Amino acid sequence: MPITIRPASADDALRVVEVYVDSWNAGFVGLMPPIALDEGRVARWAGELAEGNWWVAEYDGVVAGLVGVGPSRDPLDPQLGELDTIAVDPTYWRTGIGTALMHKALDELAAGYPEAILWTLADYDRGQRFYASTGWQPDSNTRDNGHQVSYRFTFSWNHT
Ligand SMILES: CC(C)(COP(=O)(O)OP(=O)(O)OC[C@H]1O[C@@H](n2cnc3c(N)ncnc32)[C@H](O)[C@@H]1OP(=O)(O)O)[C@@H](O)C(=O)NCCC(=O)NCCS
């Protein structure tokens, strides 16, 4: 399958926001209010993407998904990596693009951290199945009054 992963840049912001908004609105029906594509959101994403640590997946040359990583924000912990956002255009769901993006994210996290965390919605079956299928394990922690649950990934880390 012609999937390519490459670093994202600020120039990708409009298409990244299209993917993000469409995936959110299709994925979180009944769980989160819908969101809209607007200039403010595109500008915020352009700033985020310019900082690095974001990658896009292209399918036949079209940006079809995105992923970002960084240090854990909540809890604030520079030694713990965090999978920030992963999203795939619903047109391409279940074609392996999410997995390809996840492999890239895990490679990057493994290079910088002994362990990584992600947060997802407690009642979000699709996301949890996806994370389980890519090797993440629930760690029984919650936040936001139980609305979010976390998963962990431990790397066999023997960097010197
Ligand atoms: C979650 C998401 C990123 C998965 O992307 P994807 O490209 O469809 O993922 P893949 O095709 O690589 O699927 C990998 C595996 O995850 C699991 N999976 C993915 N979607 C699933 C679903 N709807 N139901 C059950 N299992 C699912 C399956 O095991 C799947 O393997 P299979 O298709 O061989 O059975 C995508 O659905 C999405 O963008 N959703 C909206 C945003 C979102 O949920 N982001 C992450 C949570 S915050």
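**Close-up 1. V69 meets L83 across the hairpin of strands 3 and 4.** In this predicted model, L83 of strand 4 is the bridge partner of V69. Strand 3 (62–73) and strand 4 (76–88) run antiparallel and are joined by 8 bridges. The two make a hairpin, with 2 residues between them. Strand 3 is mostly covered, with 9 of its 12 residues buried.

**Close-up 2. A cis peptide bond sits at D74 to P75.** Now look at the loop between strand 3 and strand 4, where P75 has its place. The bond from D74 to P75 is cis, and its omega is near 10 degrees. As a reminder, most peptide bonds are trans.

**Close-up 3. W55 pairs with V67 on the other hairpin of strand 3.** Strand 2 (residues 54–59) and strand 3 run antiparallel, with 6 bridges joining them. One to pick out here: V67 in strand 3 is the bridge partner of W55. This hairpin has 2 residues between the strands, and D60 takes a positive phi near 55 degrees.

**Close-up 4. The open sheet has 7 strands, in the order 1-2-3-4-5-7-6.** Pairing in the sheet is mixed. Strand 1 (3–7) and strand 6 are the edge strands, each pairing on one side only. On average, neighbouring strands are turned by 30 degrees against each other, direction ignored.

**Close-up 5. Helix 1 and helix 3 lie across strands of the sheet.** Helix 1 (residues 13–27) lies across strand 2, strand 3 and strand 4, and runs at about 80 degrees to strand 3. Helix 3 (97–112) lies across strand 1, strand 2, strand 3, strand 4, strand 5 (115–121) and strand 7. Against strand 4, helix 3 runs at about 165 degrees.

**Close-up 6. R94 has a positive phi in the loop between strand 4 and helix 3.** Phi of R94 is near 65 degrees, and this residue isn't a glycine. For context, most residues other than glycine have a negative phi. As for its surroundings, R94 is exposed, with a relative accessible area of 84%.

**Close-up 7. D144 is another non-glycine residue with a positive phi.** Its phi is near 55 degrees. D144 has its place in the loop between strand 6 (137–143) and strand 7 (148–154). With a relative accessible area of 45%, D144 is partly exposed.

Notes. Residues are numbered from 1 along each chain as its sequence is written. This is a predicted model: local features need pLDDT of at least 70, side-chain atom pairs count only at pLDDT 80 or more; totals for chains, interfaces and linings use all residues. Side-chain values use heavy atoms; hydrogens and water are left out. Helices (H or I, at least four residues) and strands (E, at least two) are DSSP runs, numbered from the N terminus. Buried means under 20% relative accessible area, exposed over 50%, partly exposed in between (1.4 Å probe, protein chains only). Two strands pair if DSSP finds at least two bridges between them. Axes are lines fitted to C-alpha atoms, for helices over the stretch in contact, and angles run from 0 to 180 degrees between N-to-C directions. Contact means heavy atoms within 4.5 Å.
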